[in-house]
Amino acid sequence: MSPSLSVVADNDLKTSAPKAESVAQRVRRLQQEAKALAKDHIKALNQALVDVEQLAAEIAEGGDAYPPGVRDMARRLVEDCEMRVQTLEAIVART
C-alpha cells in the first residue's frame, strides 16, 4: 500500500506578514529581551553562589577529613557567599 496523500493549503506569507517594526520599536524590544536575559543570568549567578555556599558549609563541617586551612577557608567562603547572595537579592529587588 502506498502512503495516503493529503492537500495542504499554500498560505501566502507575504499577504499575512506582520507590519515591519520601526527602529525605535525594535530597540525597545531588544532592550526588553536583554533585560529579561540579564535577570535570568543574575538568577543563575545567585543559584551558583547558593550552591557554593552549601558545598563550602559541608567542607567546613567535614571534620578532620579536610585540612584545617581548607575548613577555615570554606567557613569564610560560607559567610562571604551568604553576604553576596543577600546583596544580589537586595539589588534585584530595587530594580
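The chain of this predicted model holds 6 salt bridges, a salt bridge being a side-chain nitrogen of Lys or Arg within 4 Å of a carboxyl oxygen of Asp or Glu. Side chains of opposite charge can pair when their charged atoms come close. Three of the pairs are listed here.

| Pair | Closest N to O distance |
|---|---|
| Glu33 and Arg29 | 2.8 Å |
| Asp64 and Arg71 | 3.9 Å |
| Arg75 and Asp72 | 3.9 Å |

Because this is a predicted model, local features need pLDDT of at least 70 and side-chain atom pairs count only at pLDDT 80 or more, while totals for chains, interfaces and linings use all residues. Residues are numbered from 1 along each chain as its sequence is written, and side-chain values use heavy atoms, with hydrogens and water left out.

**The paired residues**

Glu33 and Arg29 are 4 residues apart in helix α2, which separates them by about one helical turn. Glu33 is partly exposed at 38% relative accessibility, and Arg29 is partly exposed at 31%. These classes follow one rule: buried means under 20% relative accessible area, exposed means over 50%, and partly exposed is in between, with a 1.4 Å probe and protein chains only. Glu33 and Arg29 also belong to a network of salt bridges that includes Glu21.

Arg75 and Asp72 lie 3 residues apart in helix α3, again about one turn of the helix. Arg75 has a relative accessibility of 40% and counts as partly exposed; Asp72, at 34%, is partly exposed too. An α-helix has 3.6 residues a turn, so residues three or four places apart point the same way.

In the pair of Asp64 and Arg71, Asp64 is exposed, with a relative accessible area of 76%. Arg71, by contrast, counts as buried at 16%.

**The helices**

The chain has 3 helices and 0 strands, in the order α-α-α along the sequence. Helices (H or I, at least four residues) and strands (E, at least two) are DSSP runs, numbered from the N terminus.

Helix α2 covers residues 23-60, and its 38 residues should span 56 Å at 1.5 Å a residue; the end C-alpha atoms are 54 Å apart, which agrees. The expected span of a helix is 1.5 Å times one less than its number of residues. Helix α3 covers residues 68-94. Its 27 residues reach 40 Å from the first C-alpha to the last, close to the 39 Å expected.

**How α2 and α3 pack**

Two packed helices are described by the angle between their axes and the distance between the axes. The axes of α2 and α3 come within 8 Å and cross at roughly 155°. Axes here are lines fitted to C-alpha atoms, for helices over the stretch in contact, and angles run from 0 to 180 degrees between N-to-C directions. The two helices are therefore roughly antiparallel to each other, since angles over 145 degrees count as roughly antiparallel, under 35 as roughly parallel, 65 to 115 as roughly perpendicular and the rest as oblique. The crossing of α2 past α3 is left-handed, meaning that the near helix is turned anticlockwise from the far one by less than a right angle, whereas clockwise would make a crossing right-handed.

In α2 the buried residues are Asn46, Leu49, Glu53, Ala56 and Ala60, and the buried residues of α2 pack against α3. In α3, Arg71, Ala74, Val78, Cys81, Val85 and Leu88 are buried, and the buried residues of α3 pack against α2.

**Cys81 as an example**

Cys81 sits in helix α3 and is buried, with a relative accessible area of 3%. Apart from its neighbours within four places in sequence, Cys81 is in contact with Leu49, Val52 and Glu53, where contact means heavy atoms within 4.5 Å. Ala48 is 33 residues away from Cys81 along the chain, and the C-alpha atoms of these two residues are separated by 9.7 Å.

**The chain as a whole**

Of the 95 residues in the chain, 12% are buried. Among contacts with a separation of 6 or more, 55% are between residues 24 or more positions apart.
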